Amino acid sequence: MGTNAVNSGEQMDRQSRILEAALDLLSRHGISGVSMRAVAREAGVALGLVNYYYDDKTSLIRAALRRVDEHDLLLVAPDPSSDPEQQLRQALRRVAAADLLTTRYLSLRLHLWALAQADEGYAQINAEAFDRYLDGLAALVSNAQPHLSWEACRERAADIVVIQNGMWLTALLGVDEASIQRSIARTEQIAFAPLQDRTIKDHRLHES
């Protein structure tokens, strides 16, 4: 392995440690607990190294938010080894994985939502990330339900995300496995509902 490859690997590892440290601090203390010095201490690196990779706290937080975005997209990533219906079911169940239903992760989500409400720049990053996740989920719905229009697939994806976010938020109060399984079952019902059932439901909602 060449020297350049080793240096590149070390650089990625250091940046990853810095971003993970920023996310850890954000999950425990919110934005007020994140500073360049605190991140360097948490990551176990020199302050100068954090300043080398990131100009300021804002650029560091933005990079951390994009790291979360990348992780979220993995939740709706297609799996070519499975058929379209199974891919969709796997994605719907993936959001309740043990590594996500932790205080650290759930607290981080809560702080990120609050951050998006408080800062326009962060709000834009969050909105763009949300659209990418929604498109990824809608694509899975579309592959499993090819008779649906793209608009219908995206509407179902949006309804599913409301349930998923609610599940994450309430799980902060304590993980209720039975409730989580019911939430997943509800998202599956939305995703695989016959077109006629959804049309009737939407019509009734408009009438009320």
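This dialogue reads the pockets and the aromatic contacts of a predicted model.

Trainee: Which residues lie closest to the centre of the largest pocket, and how much space does that pocket hold?

Mentor: A pocket is an open set of grid points with protein around it. In this model the largest pocket holds about 310 Å³ of space, and of the 19 residues that line it, the closest to its centre are Asp72, Arg109, Trp113, Asn126 and Phe130.

Trainee: Which helix gives the largest share of that lining, and how does the lining divide by class?

Mentor: The largest share, six residues, comes from α7, while α4 (57–75), α6 (103–118), α7 (120–144) and α8 (150–171) each supply at least two residues. By class, the lining of the largest pocket has 13 nonpolar, three polar and three charged residues.

Trainee: What lines the second largest pocket?

Mentor: The second largest pocket has a volume of about 180 Å³, and its lining includes Glu20, Arg67, His71, Asp99 and Tyr105. Helices α1 (3–29), α4 and α6 each supply at least two of its lining residues, and the lining as a whole divides into five nonpolar, two polar and four charged residues.

Trainee: How many aromatic pairs are there, and what is the geometry of the one between Tyr105 and Trp168?

Mentor: Planes over 60 degrees apart count as edge-to-face. The whole structure has three aromatic pairs; Tyr105 and Trp168 form an edge-to-face one, 5.8 Å centre to centre with 80° between the planes. This pair links Tyr105 in helix α6 with Trp168 in helix α8, 63 residues apart, and both residues are buried. Elsewhere, ring pairs link Tyr52, Tyr53 and Tyr54 into a cluster.

Trainee: Where does the charged end of Arg89 sit?

Mentor: The charged end of Arg89 sits over the ring of Phe192, 4.1 Å from the ring centre.

Note on methods:
Residues are numbered from 1 along each chain as its sequence is written. This is a predicted model: local features need pLDDT of at least 70, side-chain atom pairs count only at pLDDT 80 or more; totals for chains, interfaces and linings use all residues. Side-chain values use heavy atoms; hydrogens and water are left out. On a 1 Å grid over the protein atoms alone, a cavity is a set of points where a 1.4 Å probe fits but cannot get out, and a pocket is an open set with protein on both sides within 12 Å along at least five of seven lines; lining residues have an atom within 4 Å of a point. Grid points are joined across faces, edges and corners, and a volume is the space filled by probe spheres set on the points. Helices (H or I, at least four residues) and strands (E, at least two) are DSSP runs, numbered from the N terminus. Ala, Val, Leu, Ile, Met, Phe, Trp, Tyr, Cys and Pro count as nonpolar, Asp, Glu, Lys and Arg as charged, and the others, Gly among them, as polar. Rings of Phe, Tyr and Trp (its six-membered ring) pair if their centres lie within 6.5 Å; planes under 30 degrees apart count as stacked, over 60 as edge-to-face and the rest as tilted. Buried means under 20% relative accessible area, exposed over 50%, partly exposed in between (1.4 Å probe, protein chains only). A charge sits over a ring if NZ of Lys or CZ of Arg is within 6 Å of the ring centre and within 35 degrees of the ring normal.
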